[in-house]
Amino acid sequence: MKEKTRKVIKKIAAYLLIFGVYVPILQPAVGKTAKAAGVGWWYAVKADGTAEIAGATTSATAIEIPETVDGLKVTSIGEQAFYYCSKLESITIPDSVTSIGWCAFSFCSSLKSITIPDSVTSIGDFAFFSCSSVKSITIQGGVTSIGMCAFCSCLSLKSITIPDSVTSIGKRAFYSCSSLESITIPDSVTIIGEEAFSDCSNLLVIYASPGSVAETYANSYGITVKTDTAINPVVTPTPIPTPSPTPAMGVTFAPITPTPSPTPTASPTPTPTATPTPELGISVSQTELSADAQGTFGGNKVDLTVTNSYSCTVSSSDSWLKVCKKNASASAGSTIWLSGDGKEWTESFYVFAYENTSAVPRTGEITITAEYGDKTVTEKVVVKQEAAKASLDVSAKKITANARGKTSVPSVKVDTNKTGGFSVSNNGNSWIKVGSSSYSSSASSNVSFEAAGTFYVFVSENPSDEVRTGQVTVTHEDGETTETIEVVQEGTKAVLTVDSTSKTADDSGYFYNNAIFVKTSRTGAFTAAVEDAGWLKISTERNPSFADGMDSITLDGDGYIYLVAEKNTGAERTATITISHAGGSLSETVTVTQMGKAASYLQVDRETAYFDEPSRALDGPVHISASEDTKWTVTSSESWIRILKDNWYYAEEYASVEGTGAGDFYILVKENDTYQERSGYITISAPGLASHEIYVHQAENEVSLDTLLQELTISVTKKTFKKGKTTKIKLNYPEGLYASDIKSVKFSSNKKKVATVNSKGVVKGIKKGKATITVKVTLENGSSKTFKAKITVDKRKVKLSKFK
């Protein structure tokens, strides 16, 4: 019986969700002993010595209930007696039965017709719930009350006549009878529950007397009503005792007053007087409970007392709050049902709360609801839970950046241990930005996260030569817990480079290339000045006249200066141009030579060639200025530096080229696939003349630390050594990864009785056996890699058999 009750509860609960119906969950009758009787059914002996039909097999197709069984009078059909007998097609109820219990015939989906004899005075809640094939229901004149949802979802029922013995029709009694088109309701019905005929056929017509409760009900629900004064003909009933029906949930009873026999001088029938509705009430032992962040209560038990209702619901609308009839959190849910004797009864329930991982306290409610007739009463129990203690862990406490803004730690991981979100601010340092992605374009002065996450730090270029310091503050959503990350950026070091340290003009004053490019890389201004040479001037114009030239020029940043010289009618002469950085710490000189009449010479227009990217690149042209009969040679010192005669990436490459007189060539560098910058030289020489060198520099190939970490390996200094001796595990750093990039290196042994390892990676054999040494390397940015070295220790040696 317990298992069957559980199935009933599950099934009715499902329909509660579908129809929005409140269903009391009752317990099996106490003190009843089931006994075998007819084929397919059994009975129980009641306290008054009569029999009650207690259950039936679900395979039964036709059952005839006798008036007596084993000498006992059958007076009732018990709760759930024929529940889910889906094959039951017919049932015969004898005149001895006075009541039909809760869910007695629920889900008898094959039952075709129902005849309720006049001995029956009450039809219980859900008695014929979802008897979907029932087409005919005959209720004879003894029934006084029809319970809540008694005929709900009888989908095939088309019409029914309520006898004039009935005084109340329960809430949703005929709810969702989708084929119901007509129902006749007599004046004796003084109470009709909410939605008694809702969700029925849109063709439904209620036949009732003018001014009756049925007419009022039909009008209030928009149901078609037809009035007929002949619905309740005057008859002379035989006086019978009025039984005291068991109250049904949601139904209020009025006593039946027998109509007196008519006399020759007809007197009006006395109006029945309704019995006052009992007072409905709920009281609880605690109206407020408190729990800590872990969900532990000082006391989680609530005692309640319910008066004048058979049952109540205890529910929570907060997902973090659960209730249960027993003190077992694993069995707790959002709603439970409690029941009693319908008068005054006491029950208990327990409250449970999930862990509060937020740093914000929360409040929820447990609602207890009971109903009687059209009345509903509720009581609240407030549950307050403390906030979790805020937690804030950051992966970096200090970030350094070079003058260009490249940071040592591009991202910072923040873990709040499920206690809430956090925000990040640059504390008003405009040169620092923070964002939730690695794209600097989306960064700003602050960013927020709803839970643990990673933020990125961006630093702008430092225009000053002074170191600057700022802070990034990480604040927990509680507004009180914070972590500060220091940001230190190098100052910009003064830069001054000149692309040529010598220039040559012929005796006419013509320079093959009269331009000098000066680069300060946005680190300040520079000044170029001609030192004591009246025949040489400088200008910012490409082709200036000598008269427009100047002795000194100052530019705010990177730029060109151009040379102009007078004719030389005498011997070779020289002059010096001094170029000074505005900071005063750096200066360069350019020697300018002007040839005399008929002298041999060789000059090159530059001394350096810088390639800022590691990719294959081309630079030029490089201009050679030489006397007409001077033969010169250009050679490269490195295989990655090539000389081209044409301005085209795929022109033929040379290690050296030759020419006579004035000429041009181009410098090609191949891709730098190493993680280090590199440099070399190109030499321009001619017999009998001073040679010239061009310094060539190419940037390194940058790679992320995570990529380099994957190239990190380990090795062992000695693979074999005697027991009691030691060996050491070493880290082999790939090019570009340095010890300063490593946050921590942790060594551990899974069998310390076989071999131990200390924090420096020294392994010592203890006794014969096998063990695995684990090495975990963690970078400053939080990335990590784990190695495992399997070792074997015998009496004589430790042997490294495998590591990866």
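Before you click on anything, one term: a residue is buried under 20% relative accessible area, exposed over 50%, and partly exposed in between, using a 1.4 Å probe and protein chains only. You're looking at a predicted model, where local features need pLDDT of at least 70, side-chain atom pairs count only at pLDDT 80 or more, and totals for chains, interfaces and linings use all residues. Residues are numbered from 1 along each chain as its sequence is written, and side-chain values use heavy atoms, with hydrogens and water left out.

**Stop 1: strand 11**

Select residues 136-139, which make up strand 11. Strands (E, at least two residues) and helices (H or I, at least four) are DSSP runs, numbered from the N terminus. In a regular strand the side chains alternate between the two faces of the sheet. Here, I137 and I139 point to one face and are buried, while S136 and T138 point to the other and are not. Now add residues 113-116: this is strand 9, and it pairs with strand 11 in the parallel sense over four bridges. (Two strands pair if DSSP finds at least two bridges between them.) Zoom in on I116 and you'll find its bridge partner, I139, in strand 11.

**Stop 2: the largest nonpolar core**

A nonpolar core is a set of buried Ala, Val, Leu, Ile, Met, Phe, Trp, Tyr and Cys residues joined through side-chain atoms within 4.5 Å. Show I77, F82, F151, F174 and F197: they have the most contacts inside the largest core, which has 61 residues. Elements that each supply at least two residues to this core include strand 9, strand 11 and helix 2 (213-220). Next, center on F151. Not counting residues up to four places away in sequence, F151 touches I116, I123, F128, I137, I139, I146, A173, F174 and C177, where contact means heavy atoms within 4.5 Å. A second, separate core has 26 residues, among them L280, I282, L304 and V351.

**Stop 3: a four-stranded sheet**

Follow the order 19-21-25-23 and you'll trace an open sheet of four strands with antiparallel pairing. Its edge strands are strand 19 (281-284) and strand 23 (321-324), each pairing on one side only. Strand 19 and strand 21 (residues 301-307) share four bridges, and V284 has L304 in strand 21 as its bridge partner.

While you're in this area of the sequence, pick K301 and D303. Their side chains meet in a salt bridge (4.0 Å, N to O), the term for a side-chain nitrogen of Lys or Arg within 4 Å of a carboxyl oxygen of Asp or Glu. D303 is partly exposed at 32%, and K301 is too, at 38%.

**Stop 4: T416**

Jump to T416, in the loop between strand 30 (411-415) and strand 31 (422-425). With 1% relative accessibility, T416 counts as buried. Its side chain reaches the backbone oxygen of G420 at 2.7 Å. Beyond its neighbours within four places in sequence, T416 is in contact with residues including S391, F422 and H476.

**Stop 5: two more salt bridges**

The whole structure holds ten salt bridges. Try K537 and D551, whose closest N and O atoms are 2.8 Å apart. K537 sits in strand 41 (residues 536-539), and D551 in the loop between strand 41 and strand 42 (552-555). K537 is buried at 16%, whereas D551 is partly exposed at 40%.

Finish with R606 and D619, which form a salt bridge at 2.8 Å, N to O. R606 is buried, with a relative accessible area of 15%, and D619 is partly exposed at 21%.

Terms used:
A polar contact is a pair of N or O atoms within 3.5 Å; within protein, one must be able to donate a hydrogen and the other to accept it, and residues adjacent in sequence count only if both atoms are side-chain atoms.
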